[in-house]
Amino acid sequence: MHQRPGGPPPGCPAHGNPQLYGPEFGSDPDARYAYLRGLGPSAPVDIAPGVEVELVTSYDAALYILQNPASFVRDSRRWRALNEGRVPEESPALPMMGYRPNALFSDGAAHARLRQAVTDSLATVNELQLVRQTQQSAEYLISRFSSDRLGQAELMAEYAQPLPLLVFSDLFGCPPEIGDRVIVGISGIFDGTAGADLVLGEALGELIALKRRRPGADLTTRLMEHPSQLTDEEVLHQLVTLLSGGTAPLSATIGSSSALILGEEWQAGLPVEDAVTQVLWNYAPIANYAAHYPTHDVELGNRVLRANDPVVISFAAANTDPRLAEHREQLSAKAHLAFGAGPHACPAKDPAFVIAVTAVETLLNRLPDVEVRVPFKDLNWVPAPWSRSLVTLPVRFTPRAVAPPAAPAPEPQPQPQPQPVTPSPYRAAPHASRPAAANASRPKPGLFSRFLAWTRGE
């Protein structure tokens, strides 16, 4: 039997569904998407071992589902297989698809209330200030490796991944020590570190308690003061959503855009905005996500999508749907689905685009002769279904020093005193009192503390 490119092994009925994970998928996801398109606008896949979902690969079908909240909802408490105990307890799909009380997993009036608080708060972010924050964060990270005597760096770990974490900690109004723990917590969640969610929850809980006492000109305060009157726990969950939904995709976009613009096939003179837009079309940072649950059985092509079975949108496959090829030139540059569509479209798409463009431009301005050490086509991608992100991005450049900014940044906010906060699923149990001698030894400053010290020239 002839095997389609990207499909399952010969004798596929015996091998079950095509897999959207593992090295084979990660090495060439486009081939897998091409195979799945041959089965119709959607097809069953295993997104993790023992976890079946219906994957939508058609642009038109994806848009139909994203814009039809009456028939397709986001509340994963409907997930039939999970409710029937058929999803492995340790499945990597659960952290991505399991319910959380935030705008992402809400519908109707509950979703509108939470989303309005987020969108209104984001709308107050000044674009010029965001550019300056991003430039400062970028320059600090570049300063850490730019004077390397060999003139070499690995941009994913040293630049693309930490940069959004610094920017978000700044936007949230974190004092140094809390910002350090926010970064440790969210990084640990992405790395699968045990207890990372508790570290993040404790840090954000302390941040919210601090802002109750001393409001600031930051996203945290704006969320707390919004007319929607979010509880502290709701504020915490929206902050977690902004971090998890913003930092990893931004890291992927910065890394892929840098690799693309430094690649041998990039046309010199094209603006950085073109590289970022091309990445959002062809290498969607959130590749497969946005699980929807039909409220009733729905016919889609030659398939019936059963009520309460998860339907996952392949943004990566939809954006590269060959049916778009003949009229993609006529589409708006923003017609891609990398930021979603419909009522759950990413509320931070404009700030995210600004951060990505500024990050790449700053890299090119500070290291004008930077070049990749591996051709773009030979770079390796993370073998996971959820994101399209480079594993590494090795570069070389002429070593040079990057000085801290001449103008000092605003003074950090005072350190918070321990305060009780609203219990939440992200918060660990309070620690027992420790002897004064143990408290006397301060922990080593983390990434955010070192960044703030650098901006002050310390």
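Three strands of this predicted model make up an open sheet with antiparallel pairing, in the order β4-β10-β9. Strands here are DSSP runs of E with at least two residues, helices are runs of H or I with at least four residues, and both are numbered from the N terminus. Two strands count as paired if DSSP finds at least two bridges between them. The edges of this sheet are β4 (152–154) and β9 (371–372), each of which pairs on one side only. Strand β4 runs antiparallel to β10 (residues 394–396), and three bridges join the two. Within this pairing, Glu 154 stands opposite Pro 394 of β10. As a general reminder, strands of a sheet pair through backbone hydrogen bonds, either parallel or antiparallel.

A second open sheet holds five strands in the order β1-β2-β8-β5-β3, and its pairing is mixed. Its edge strands, β1 (42–48) and β3, each pair on one side only. Strand β5 (residues 288–294) is mostly covered, with seven of its seven residues buried; buried means under 20% relative accessible area, exposed means over 50%, and partly exposed lies in between (1.4 Å probe, protein chains only). On one side, β5 pairs with β3 (residues 72–73) in the antiparallel sense over two bridges. Here Phe 72 stands opposite Pro 294, and Val 73 stands opposite Tyr 293. Strand β5 is also joined to β8 (residues 311–314) by three bridges, again in an antiparallel run. In that pairing, Asn 288 has Ser 314 of β8 as its bridge partner.

Val 304 offers a useful stop elsewhere along the chain, in strand β7 (residues 303–305). Val 304 counts as partly exposed because its relative accessibility is 47%. Beyond its neighbours within four places in sequence, Val 304 is in contact (heavy atoms within 4.5 Å) with Asp 297, Val 298 and Glu 299. Glu 54 lies 250 residues from Val 304 in sequence, yet the C-alpha to C-alpha separation of the two is 10.0 Å.

Turning to the interior, the structure contains three cavities of 30 Å³ or more, and the largest has a volume of about 100 Å³. A cavity is a set of points, on a 1 Å grid over the protein atoms alone, where a 1.4 Å probe fits but cannot get out, and lining residues have an atom within 4 Å of a point. The volume is the space filled by probe spheres set on the points, with grid points joined across faces, edges and corners. Of the 15 residues lining the largest cavity, Pro 29, Tyr 33, Ala 287, Ala 316 and Arg 388 are the closest to its centre. Helices α2 (23–27) and α3 (29–37) each supply at least two lining residues, and α3 gives the largest share, three residues. By class, the lining has 10 nonpolar, three polar and two charged residues. In this scheme Ala, Val, Leu, Ile, Met, Phe, Trp, Tyr, Cys and Pro are nonpolar, Asp, Glu, Lys and Arg are charged, and the others, Gly among them, are polar.

Taken as a whole, the chain has 19 helices and 10 strands, and 52% of its 458 residues count as buried. Of the contacts with a separation of 6 or more, 73% are between residues 24 or more positions apart.

Residues are numbered from 1 along each chain as its sequence is written, and side-chain values use heavy atoms, leaving out hydrogens and water. Because the model is predicted, local features need pLDDT of at least 70 and side-chain atom pairs count only at pLDDT 80 or more, while totals for chains, interfaces and linings use all residues.

Key
On a 1 Å grid over the protein atoms alone, a cavity is a set of points where a 1.4 Å probe fits but cannot get out, and a pocket is an open set with protein on both sides within 12 Å along at least five of seven lines; lining residues have an atom within 4 Å of a point.
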